[in-house]
Structure formats: structure tokens, C-alpha cells
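Subject: Structure handover

Hello,

Please find the structure below, with its sequence. My notes come after it.

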Amino acid sequence: MTRPIEKMRTTTQILEGVASGIVDPDEAIEALRMNNRAELLNALADRHLPPPKPPKEQVEAELAAAMPLLLRMEAAIRGS
């Protein structure tokens with residue numbers, strides 16, 4: 001399976017891929033020969049790109065974990 005970063009040739013393409021969640025930040029750091037995430041975040045900011053989005057699976061898992069608590073809080077508020 002081809003990784004999206006393998007099709008990207010420019011720094012801008014890679015950084016836009018990171019910002020949109022298509023490219024893994026760690027892969028981008030390696031491909032761009034950066035030292036750490038701080039350098040990656042600075043490069044994104046320099047191009048007025050947002051920080052990387054978390055993977056969809058992570059967002060869904062966090063939401064699933066938070067929903068029971070949020071629903072209990074809503075029930076407590078309505079019950080008061």
C-alpha cells in the first residue's frame with residue numbers, strides 16, 4: 001500500500017498533508033529532516049497552516065469515551 005507522503009514532492013505538499021491529517025506528523029518530520037514536532041509546528045505556522053488534525057479513529061474513540069460523562073452531566077443539570 002502506498003503512503004500518501006510517497007506521492008508528495010515538495011515541502012508545501014507534505015505540510016499541507018500534515019495539516020489536513022493525510023500525512024502522519026512523524027513521517028513528515030523524517031521526510032523533511034526536522035528534529036522534532038516543534039520544528040514541524042513552526043513550519044506549519046510559517047505557512048499559515050493549522051496544526052495537525054488527530055486521526056479520525058482517535059477523535060471517535062475520545063468522543064465515545066467522553067459521551068457517557070457528558071450525558072450524566074446533562075442529566076444532573078436537568079435534574080436540579
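The notes below cover salt bridges, helix α3, the loops beside it and a surface patch.

Please keep in mind that this is a predicted model.

Salt bridges

There are 5 salt bridges in the structure. I describe some of them here.

Glutamate 27 pairs with arginine 3, and their closest N and O atoms are 2.2 Å apart. Glutamate 27 belongs to helix α2 (residues 25–31), while arginine 3 sits in the segment before α1 (11–20), so this salt bridge ties together parts that are 24 residues apart in sequence. Both ends have some access to the surface: glutamate 27 is partly exposed at 24% relative accessibility, and arginine 3 is partly exposed with a relative accessible area of 40%. The pair also belongs to a network of salt bridges that links Arg3, Glu6 and Glu27.

Aspartate 26 forms a salt bridge with arginine 37, at 3.3 Å from N to O. Because aspartate 26 is in helix α2 and arginine 37 is in helix α3 (residues 37–46), the pair ties together parts that are 11 residues apart in sequence. Aspartate 26 is partly exposed, with a relative accessibility of 45%, and arginine 37 is partly exposed as well, at 43%.

Glutamate 60 and lysine 56 meet at 4.0 Å, N to O. This salt bridge is within one helix: the two residues are 4 apart in α4 (residues 56–79), and about one helical turn separates them. An α-helix has 3.6 residues a turn, so residues three or four places apart point the same way. Glutamate 60 is partly exposed, with a relative accessible area of 45%, whereas lysine 56 is exposed at 59%.

Helix α3

Which residues of α3 are buried? They are Leu40, Ala43 and Leu44. These residues cover an arc of only 100° around the axis, which puts them on the same side of α3. The buried residues of α3 pack against α1 and α2.

At the start of α3, a side-chain oxygen of asparagine 36 comes to within 3.1 Å of the backbone nitrogen of alanine 38. Just after the helix, histidine 48 has a positive phi of about 60°.

Loops on either side of α3

Histidine 48 lies in the loop between α3 and α4. Its relative accessible area is 75%, so histidine 48 counts as exposed.

Where is arginine 33 found? It is in the loop between α2 and α3. Arginine 33 also has a positive phi, near 55°, and is a residue other than glycine. With a relative accessible area of 75%, arginine 33 is exposed.

For context, most residues other than glycine have a negative phi. You may want to look at both positions in the model.

Surface patch

Leu63, Met67, Leu69, Leu70, Leu71 and Met73 make a nonpolar surface patch of about 540 Å². One of these residues, leucine 70, has its place in helix α4. Leucine 70 is partly exposed, with a relative accessible area of 43%.

Regards

Note on methods. Residues numbered from 1 in each chain as written. Predicted model: local features only at pLDDT ≥ 70, side-chain atom pairs only at ≥ 80, totals over all residues. Heavy atoms only, no water. Salt bridge = Lys/Arg side-chain N within 4 Å of Asp/Glu carboxyl O. Buried < 20%, exposed > 50% of the residue type's maximum accessible area, 1.4 Å probe, protein only. Arc of directions from axis to C-beta. Contact = heavy atoms within 4.5 Å. Polar contact = N/O pair within 3.5 Å; in protein donor to acceptor, adjacent residues only side chain to side chain. Patch = residues over 30% accessible without salt bridge, like charges linked within 9 Å, V, L, I, M, F, W, Y side chains within 5 Å. Areas by Shrake-Rupley, 256 points an atom, 1.4 Å probe, with all protein chains shown as cover.
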